[in-house]
Every structure is written in C-alpha cells, then in structure tokens.
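Visitor: Hey, got a minute to walk me through this one? I'd like to poke at it strand by strand.
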Amino acid sequence: MAIDYWHDMSILVGGLEVATHGKNVDMRTQVAPLDITPLSTPDGWTELAGGLRSGTFDMSLMQNLAAGSIDETMFAELGVSGTPVTVCTRSADGSFAYLFRNSTGSYTPSMSPVGDLAMAALSGNSTGGIVRGSLIHPGSASRSSSSTGTGRQLGAVVAGKSMYAALHVLSVSGTTPSLTVIVQSDDNAGFTTPTTRISFTAANAVGAQWGSVAGAVTDDYWRISYTISGTTPVFAFAVSAGVL
C-alpha cells in the first residue's frame with residue numbers, strides 16, 4: 001500500500017498560486033441522499049438512492065495584504081461563480097490534479113488571536129463537475145517564447161463525456177504581451193498529426209479561463225501548444241486537464 005503525505009502541492013485559484021500561503025485544504029465531494037423508502041417497506045429501515053453530486057472547497061491561508069496577493073484576490077472572489085480552481089498533489093508537470101469551477105461563498109480575512117500567525121480562510125462550492133485529471137503544464141517556470149508542452153496519455157473521450165481544461169495565468173510582464181494557449185490531441189506520443197480541441201482566448205493579464213470539448217474523441221494523448229508575442233514578454237502559467 002502506497003502511503004503519502006501532503007507537500008509540494010500546487011493550488012491555483014484563478015490567477016493566483018495559493019499553495020505558497022496555504023496551511024490546510026479540504027476539498028470534498030458528496031452525493032445528495034434521496035429517500036426512496038416505500039410505504040410497503042417490510043423491515044422498517046430507510047432506503048436511499050444517490051441524487052445530485054456536489055463539491056465543496058475550504059482552505060486556511062496565511063494572510064498577505066500585498067497588492068495582488070491573498071486578501072485582495074480572495075475578497076474580489078466573494079460571490080463570484082465559475083472561477084477555475086486546480087488542486088495538484090504535486091507541483092511538477094504531469095502530477096495528479098483535480099480541477100473545477102468554484103463559487104466562493106465565504107472569505108474570512110482574519111481568524112487568529114493576538115500574537116498568532118495571521119490567518120485567513122476561503123470557502124466555496126463547485127459549480128458543475130469536479131474533474132480528475134493532470135497538470136499538463138506547471139506554473140513554476142517562466143516562458144518567454146512559443147512552444148509546446150509534454151504530451152500526456154489522459155485517455156480518449158467517449159460520447160457523453162468531455163475533456164475539460166483550466167488555464168491559470170499567474171504573472172505577466174513585458175510590453176503588449178500576449179499568450180494564446182490551445183489544447184491538442186493525437187493518437188501517438190510524438191504528436192505527428194495534432195488536432196486542436198480547445199482554444200483559450202488570448203491573455204495579456206493575470207487571470208484564468210475554462211474550456212472543454214465534447215466526446216467522442218478517439219485520440220488519447222493530450223498536450224498544450226502556446227504562442228507568446230510582444231516586446232520582451234514573460235508569462236508564468238499553468239494548465240490542467242481531465243475527462244469527466
């Protein structure tokens with residue numbers, strides 16, 4: 001049995017890497033129980049069936065009041081629905097990840113007694129599904145020129161399911177910088193005949209986008225390709241993807 005402990009995580013909320021300030025994360029999925037007990041039940045026990053699925057996201061954060069950091073970003077998220085969130089078990093390329101769109105319902109800017117570490121808390125709910133996938137481009141490295149990411153065998157997409165992807169632009173510099181990211185698929189690791197499946201809008205500022213393509217897609221290898229333009233442009237960005 002493999003035993004692990006949480007470290008070197010990457011947790012992306014919109015355009016901010018919050019794992020560097022995180023002390024605790026609680027991501028939960030659940031199914032609403034539906035009571036289907038008939039009047040004729042013979043044993044006197046409740047009978048249940050699974051209903052709608054939902055997810056919750058709670059995180060304790062070391063507070064940071066600097067511009068563009070924890071307080072400013074999380075306060076602006078309050079009441080916003082659809083912000084892409086990626087929770088990665090590791091920060092390296094290819095690491096396992098959950099991705100979803102968050103609806104922030106609570107932000108606690110201060111939750112510590114005098115003399116203790118300044119802490120904050122964020123709570124939200126998933127809007128739509130929670131996707132099990134992979135980090136197919138890490139946000140730890142800065143990029144200044146166009147290239148492609150490493151191909152990952154994420155699997156084919158059968159009819160009735162979709163491939164989802166989240167783009168997190170974490171930092172931008174340069175004059176008139178522009179980043180265009182597409183998600184491609186192919187039937188081989190060499191990507192000899194790649195097909196564009198998801199196209200994100202060109203980005204020139206910190207932020208996040210969500211994209212998807214519906215099945216059926218028989219290709220089982222996936223990667224990103226990105227184009228960077230401008231005068232001395234530098235971007236740090238991450239992409240996660242998975243099938244649901």
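Guide: Sure. Let's start with a small pairing: strand E10 (residues 147-148) and E14 run antiparallel, joined by 2 bridges. Keep in mind that the model is predicted.

Visitor: Which residue in E14 is the bridge partner of Thr 148?
Guide: That's Ser 225.

Visitor: OK, and what about strand E11, how many bridges does it have with E14?
Guide: E11 covers residues 162-186 and pairs with E14 over 20 bridges, in the antiparallel sense. One pair to look up is Thr 180 with Thr 227 in E14.

Visitor: What about E8 and E9?
Guide: Both pair with E14. E8 (residues 131-137) does so over 4 bridges, antiparallel, and Ser 134 there has Ala 241 as its partner in E14. E9 (residues 142-143) also runs antiparallel to E14, with 2 bridges. Its Ser 142 is bridged to Ala 236.

Visitor: Let's go to the inside. Which residues have the most contacts in the largest nonpolar core?
Guide: Leu 179, Val 181, Ile 224 and Phe 237, in a core of 22 residues. E11 and E14 are the elements that give it two or more residues.

Visitor: And which element gives the most?
Guide: E14, with 8 residues.

Visitor: Zoom in on Ile 224 for me. What does it touch?
Guide: Leaving out residues up to four places away in sequence, Ile 224 touches Ile 136, His 137, Thr 148, Gly 149, Val 181, Ile 182, Val 183, Phe 237 and Val 239. You'll recognise Val 181 and Phe 237 from the list of core residues with the most contacts, and Thr 148 as the bridge partner of Ser 225.

Visitor: How many residues are in the other core, the one apart from it?
Guide: That one has 17 residues, and Leu 16, Ile 70, Val 85 and Phe 100 are among them.

Visitor: Switching topic: how much space is in the largest pocket?
Guide: About 250 Å³. It is lined by 13 residues, and those closest to its centre are Arg 53, Ser 54, Gly 128, Gly 129 and Ile 130.

Visitor: Which strands supply at least two residues of that lining?
Guide: Strand E3 (22-35) and strand E4 (48-62).

Visitor: And how does the lining split by class?
Guide: There are 7 polar, 4 nonpolar and 2 charged residues.

Visitor: Now the backbone. Where's the cis peptide bond?
Guide: Between Gly 215 and Ala 216, with omega at about 15°. Ala 216 sits in the loop that runs from strand E13 (207-214) to strand E14 (221-243).

Visitor: So we're back at E14. What is the phi of Thr 232?
Guide: Positive, at about 45°, although Thr 232 is not a glycine. Thr 232 lies in E14 itself.

Visitor: Is Thr 232 buried or exposed?
Guide: Exposed, because its relative accessibility is 61% and the cut-off for exposed is over 50%.

Visitor: What about Asp 8, what's its phi?
Guide: Asp 8 isn't a glycine either, and its phi is positive at about 55°. You'll find Asp 8 in the segment before strand E1 (10-13).

Visitor: And why does Asp 8 count as partly exposed?
Guide: Because its relative accessible area is 41%, and partly exposed covers the range between under 20% for buried and over 50% for exposed.

How values were computed:
Residues numbered from 1 in each chain as written. Predicted model: local features only at pLDDT ≥ 70, side-chain atom pairs only at ≥ 80, totals over all residues. Heavy atoms only, no water. Buried < 20%, exposed > 50% of the residue type's maximum accessible area, 1.4 Å probe, protein only. Pairing = 2+ DSSP bridges. 1 Å grid on protein atoms, 1.4 Å probe; cavity = no way out; pocket = protein on both sides within 12 Å on 5 of 7 lines; lining within 4 Å. Points joined across faces, edges and corners; volume = space filled by probe spheres on them. Nonpolar A, V, L, I, M, F, W, Y, C, P; charged D, E, K, R; others polar. Core = buried A, V, L, I, M, F, W, Y, C linked by side-chain atoms within 4.5 Å. Contact = heavy atoms within 4.5 Å.
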